[in-house]
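Biologist: I would like to learn how to read a protein model feature by feature. Could you take me through one?

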Amino acid sequence: MHQFFVEDSQIGREFITITGPDVNHIKNVLRMKPGEKIRISNQKGCDYFCAISELSDAFVQADILKEDAPSTELSGKIYLFQAIPKGNRMETVIEKAVELGVYEIIPVAMKYCVAKIDPKKEEARIGRWQKISQSAAKQAKRSIIPNIHSVMKYDEAVRYASSCDVRLVPYENANGMRATKEALDSIRQGDSVSVFIGPEGGFAEEEIEMVKDSMQIISLGKRILRTDTAGIAVMSMLMLEMEMG
């Protein structure tokens with residue numbers, strides 16, 4: 001069953017109206033017909049099972065069969081603070097993190113980041129990353145489209161994460177995996193969790209010093225992971241913990 005997202009204004013009492021690029025996708029790419037069932041969500045996480053009732057060049061109308069369809073979201077919100085990686089690795093991080101249940105992704109400019117984003121090109125880059133998030137959310141049948149935040153400096157990101165219930169920093173010089181398991185086991189139903197992933201060059205000592213008293217420094221094992229692998233690894237751990245909870 002295909003997944004689509006709409007604004008609240010497109011949701012009526014008995015049917016939902018789909019507009020924009022999804023109309024062409026439904027008609028000419030998927031070649032869907034009246035009667036076929038689809039899943040529709042809004043950004044608030046409300047989910048509907050629907051059946052297509054009318055197709056035109058401007059809109060697709062879908063009759064609501066069932067409101068409050070089962071949500072596919074995790075019990076808590078995960079904020080992934082990802083140091084900006086080089087090349088197109090950020091695209092991979094976004095795609096996989098969205099599939100695994102991330103709530104928001106915040107690109108962070110850290111001291112040893114190899115990649116630098118030109119401020120003049122940032123808006124376009126964020127726009128592309130948001131489209132990747134939307135595509136991954138559709139594929140994974142998410143109830144929301146995770147937001148891709150504008151790029152933050154490290155100190156800004158630390159302040160932004162301060163309201164989260166649990167704050168994790170995977171660091172190569174951290175204690176063993178037992179401490180990691182204890183940190184994950186401490187997560188309660190509905191907790192918000194922030195995760196800071198360092199860049200290719202690693203965290204600067206002063207960056208770790210800044211958060212050592214306010215965040216939990218954890219290990220991801222004996223091996224050194226690429227920055228794009230580390231984020232996906234933590235997301236997998238958190239998904240398992242929250243789904244089991």
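Modeller: Happy to; we will go through cysteines, strands, aromatic rings and charged pairs in turn. Please keep in mind that this is a predicted model.

Biologist: Let's begin with the cysteines. How many disulfides does the structure hold?

Modeller: The general idea comes first: a disulfide is a covalent bond between the sulfur atoms of two cysteines. In this structure there are zero disulfides.

Biologist: Why is there no bond for cysteine 46?

Modeller: The closest cysteine sulfur to that of cysteine 46 belongs to cysteine 50 and is 12 Å away, too far for a bond. A disulfide would need the two sulfur atoms within 2.5 Å.

Biologist: And is cysteine 50 buried or exposed?

Modeller: Cysteine 50 is buried, at 1% relative accessible area. Cysteine 46 counts as partly exposed, with 33% relative accessibility.

Biologist: On to the strands. Which side chains of strand β2 point to which face?

Modeller: In a regular strand the side chains alternate between the two faces of the sheet. Strand β2 covers residues 15-18, and here Ile16 and Ile18 point to one face and are buried. Phe15 and Thr17 point to the other face and are not buried.

Biologist: Which strand does β2 pair with, and in which sense?

Modeller: The partner of β2 is strand β5 (residues 60-67), and the two pair in the antiparallel sense over four bridges. One register point to look up is isoleucine 16, whose bridge partner in β5 is alanine 62.

Biologist: What about strand β7: how many of its residues are buried?

Modeller: In strand β7 (residues 104-109), five of the six residues are buried, so the strand is largely enclosed by the rest of the structure. You can then read its pairings one by one. β6 and β7 run parallel and are joined by five bridges, with tyrosine 79 opposite glutamate 104 of β7. Strand β8 (residues 147-148) also runs parallel to β7, joined by two bridges, and there isoleucine 105 stands opposite isoleucine 148. Strand β9 (residues 152-153) pairs with β7 in the parallel sense over two bridges, and alanine 109 has lysine 153 in β9 as its bridge partner.

Biologist: Which unit do β6, helix α2 and β7 make?

Modeller: Together with helix α2 (residues 89-100), β6 and β7 make a right-handed β-α-β unit.

Biologist: Now the aromatic rings. How many aromatic pairs does a search of the whole structure find?

Modeller: A pair of aromatic rings is described by the distance of the centres and the angle of the planes. The search of the whole structure finds five aromatic pairs. One of them joins phenylalanine 81 and phenylalanine 196, which are stacked at 4.4 Å centre to centre with 5° between the planes. Phenylalanine 81 lies in strand β6 (residues 78-83) and phenylalanine 196 in strand β11 (residues 193-197), so this pair ties together parts 115 residues apart in sequence. Both rings belong to buried residues.

Biologist: How is the pair of tyrosine 154 and phenylalanine 196 arranged?

Modeller: Tyrosine 154 and phenylalanine 196 are edge-to-face, at 6.0 Å centre to centre and 75° between the planes. Tyrosine 154 lies in helix α4 (residues 154-161) and phenylalanine 196 in strand β11, so this pair ties together parts 42 residues apart in sequence. Tyrosine 154 is buried too, as is phenylalanine 196. Phe81, Tyr154, Tyr160 and Phe196 form one aromatic cluster.

Biologist: Last topic, charged pairs. How many salt bridges does a search of the whole structure find?

Modeller: Side chains of opposite charge can pair when their charged atoms come close. The search of the whole structure finds 13 salt bridges. In one of them, arginine 128 meets glutamate 91 with the closest N and O atoms 2.8 Å apart. This pair links distant parts of the chain, with arginine 128 in helix α3 (residues 119-139) and glutamate 91 in helix α2, 37 residues apart. Arginine 128 is partly exposed at 46% relative accessible area, and glutamate 91 is partly exposed at 21%.

Biologist: How many residues apart are aspartate 155 and arginine 159 in helix α4?

Modeller: Aspartate 155 and arginine 159 are four residues apart in helix α4, which means a separation of about one helical turn. Their side chains meet in a salt bridge, 3.9 Å from N to O. Aspartate 155 counts as partly exposed at 34% relative accessibility, while arginine 159 counts as exposed at 54%.

Methods:
Residues numbered from 1 in each chain as written. Predicted model: local features only at pLDDT ≥ 70, side-chain atom pairs only at ≥ 80, totals over all residues. Heavy atoms only, no water. Buried < 20%, exposed > 50% of the residue type's maximum accessible area, 1.4 Å probe, protein only. Pairing = 2+ DSSP bridges. Phe/Tyr/Trp six-rings, centres within 6.5 Å; stacked < 30°, edge-to-face > 60°. Right-handed = clockwise from strand over helix to strand, strands pointing away. Salt bridge = Lys/Arg side-chain N within 4 Å of Asp/Glu carboxyl O.
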